[in-house]
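Work through the exercises below with the model open. Try each task before you read its solution.

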Amino acid sequence: MKKIIASVLCFTMCAAMFAGCKSGSDDKETTAAATTETAGNEGDTTVSQTETQEIGSGEITLNVYAMSAEVPGMITEYFKRNPDVASKYKVEAVVSSNDNQAYETKLNAALAAGGSDAPDLYVAEADYLLPYTVGELSTFAAPYADFIDGVDSKIATADVAKYVQELGTNADGKLVALNYQCTGGAMIYRTDLAEEVLGAKTPEEVEAAIGAGTNSWDKFWEVADKMKEKGYAIVSGADDIWNVIEKASAQPWVVGNQLTIDENRMSYLDISKKLYEGNYSNKTDSWSEAWYADMKGAGEKQVFCFFGPCWLINYVMAKHVVDEATLKGKYNVCTPPVGFWWGGSWLLANKDAIADPDKKEIIAKIVEWITMDATEDGLQYAWANGTMNEEGTKDTVSSMAVMKIADGSMDLLGGQDPFQIFINATSYANGNCKCLYDSTINNAFKDQAKAYAAGEKDKDAAVAEFKDKVAAMDIDV
């Protein structure tokens, strides 16, 4: 937090430098938008450069900042459903990718500059949310209760996931942001390999084999050995396990200003090395062509499972597993050995915007419709049931009330409806693992884990170099 205020001032001067960056955040902690084609790394559907979109034709202008076309697309849908709103308001949406923190730079500069061009509504992803909710930049965020009537009751009715609320709460205990997309994680496995190697024909039988919900990897490694004997990989690469390890950690990287290496994160060093040296994987990196190849069964070895939320299935895997000739219909979802979550985008409102009665009214309606309206007319219901896009793409949402009544059946999963499993997965999710510096520290740690796994350095050297990089951030180690 020491550097954030100075950084905001710097961002104000140099934001324009980042207008042409390609899609994706540094460690790909993104949700996937159904509304925009990716121009950079697949798995992200953020735009490849900054765009300004206009929505509505009214005289009152709202400024919206987002890293993808997802939220602007939702607002467009809201205006279509409410033509009286579209005739009164106009939304100017600044959509920028976040490669090299380009989106954050633009957003921070615009918030700091204030005035008529300042963001009225803005989006922040899980990987860099906390500076806007509990860090120095949280001073711009309006508590939801200040502009939405009966917010607590509406959230309770929607049964919004607990971790979504935890991460959206400021240092004063006031809710300033909610996610519209639930990102509790599950194990996505090959049904054909499960039956061949484990004799398991149902998700319940696979869960028993891998120790679902035990918070232990012991049975998972037993399955890994069985897969290896048959010439199969248990996972595509160590990154697949990292997503579980990182979000299942009980403590954040930084407590106060002191580096804290949770024992769960420390275990990743040995897990990644075991995967590498034991030839349990294809040694791929997430978001690589090799990773995508493994999803469709075209990699070096057939891969048994991936770990991720629903968006990994319907926005990433579904792009690569496209027909029966690959593995369409041959995946299922089950509860993982260790509970986790991954990704998500939170919606915030600017305090200055809600001081304007005209803006306050429409901001309240938009935020409520996107994040906590649990009726069949709300965004969450349409998003879950796949009626927000021509492809019929379904997704998990933050309202558990909606999830319980939505139809989540998917072709990629052979018609399986995984929503109840994702509801259960969400019960494991919590925000205790997050801190203000996650993006930088996560990348530094994974780099050292990769070097250790490959035998380029021993564990002590890897940990020491990691600590040196964290110390350079003015964090006590």
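The exercises go from the whole chain to a sheet, two helix pairs and one loop residue.

This is a predicted model, in which local features need pLDDT of at least 70, side-chain atom pairs count only at pLDDT 80 or more, and totals for chains, interfaces and linings use all residues. Residues are numbered from 1 along each chain as its sequence is written, and side-chain values use heavy atoms, with hydrogens and water left out.

**Exercise 1. Describe the protein chain as a whole.**

Step 1. Start with the elements. The protein chain has 21 helices and 11 strands. Both are DSSP runs numbered from the N terminus: helices are H or I with at least four residues, strands are E with at least two.

Step 2. Turn to burial. Of the 477 residues, 59% count as buried. Buried means under 20% relative accessible area, exposed over 50%, and partly exposed in between, using a 1.4 Å probe and protein chains only.

Step 3. Check the contacts (heavy atoms within 4.5 Å). Among those between residues at least 6 apart in sequence, 75% join residues at least 24 apart.

**Exercise 2. Find the strand order of the six-stranded sheet, then place β4 in it.**

Step 1. Read the order. The open sheet runs β1-β3-β2-β4-β11-β5, with mixed pairing. Two strands pair if DSSP finds at least two bridges between them. At the edges are β1 (51–56) and β5 (178–179), each pairing on one side only.

Step 2. Look at one neighbour of β4. Strand β2 (residues 60–66) runs parallel to β4 (residues 121–125), and two bridges join them. Val64 stands opposite Leu121, and Tyr65 stands opposite Tyr122.

Step 3. Look at β11. β4 and β11 pair in the antiparallel sense over five bridges. Here Glu125 stands opposite Ser345.

Step 4. Sort the side chains. In a regular strand they alternate between the two faces of the sheet. In β4, Leu121, Val123 and Glu125 lie on one side, Tyr122 and Ala124 on the other, and all are buried.

**Exercise 3. Classify the crossing of α2 with α16.**

Step 1. Get the geometry. Two packed helices are described by the angle between their axes and the distance between the axes. The axes of α2 and α16 (residues 357–371) come within 11 Å and cross at roughly 110 degrees. Axes are lines fitted to C-alpha atoms, for helices over the stretch in contact, and angles run from 0 to 180 degrees between N-to-C directions.

Step 2. Classify. α2 and α16 are therefore roughly perpendicular to each other, a class that covers 65 to 115 degrees.

Step 3. List the residues. Met74, Ile75, Glu77, Tyr78, Phe79 and Arg81 in α2 meet Ile362, Lys365, Ile366, Trp369 and Ile370 in α16.

**Exercise 4. Do the same for α8 and α10.**

Step 1. Helix α8 (residues 191–198) and α10 pack at about 90 degrees, with axes 10 Å apart.

Step 2. α8 and α10 are therefore roughly perpendicular too.

Step 3. Leu193, Val197 and Leu198 in α8 meet Val223, Lys226 and Met227 in α10.

**Exercise 5. Is Val235 buried or exposed? Name residues around it.**

Step 1. Locate Val235: it is in the loop between α10 (218–229) and α11 (238–248).

Step 2. Val235 counts as buried, because its relative accessibility is 0%.

Step 3. Leaving aside neighbours within four places in sequence, Val235 has contacts that include Phe220, Leu275, Tyr280, Val303 and Phe307.

Step 4. Compare sequence with space. Val235 and Gln302 are 67 residues apart in sequence and 9.0 Å apart in space, C-alpha to C-alpha.

Notes: Parallel < 35°, antiparallel > 145°, perpendicular 65-115°, else oblique.
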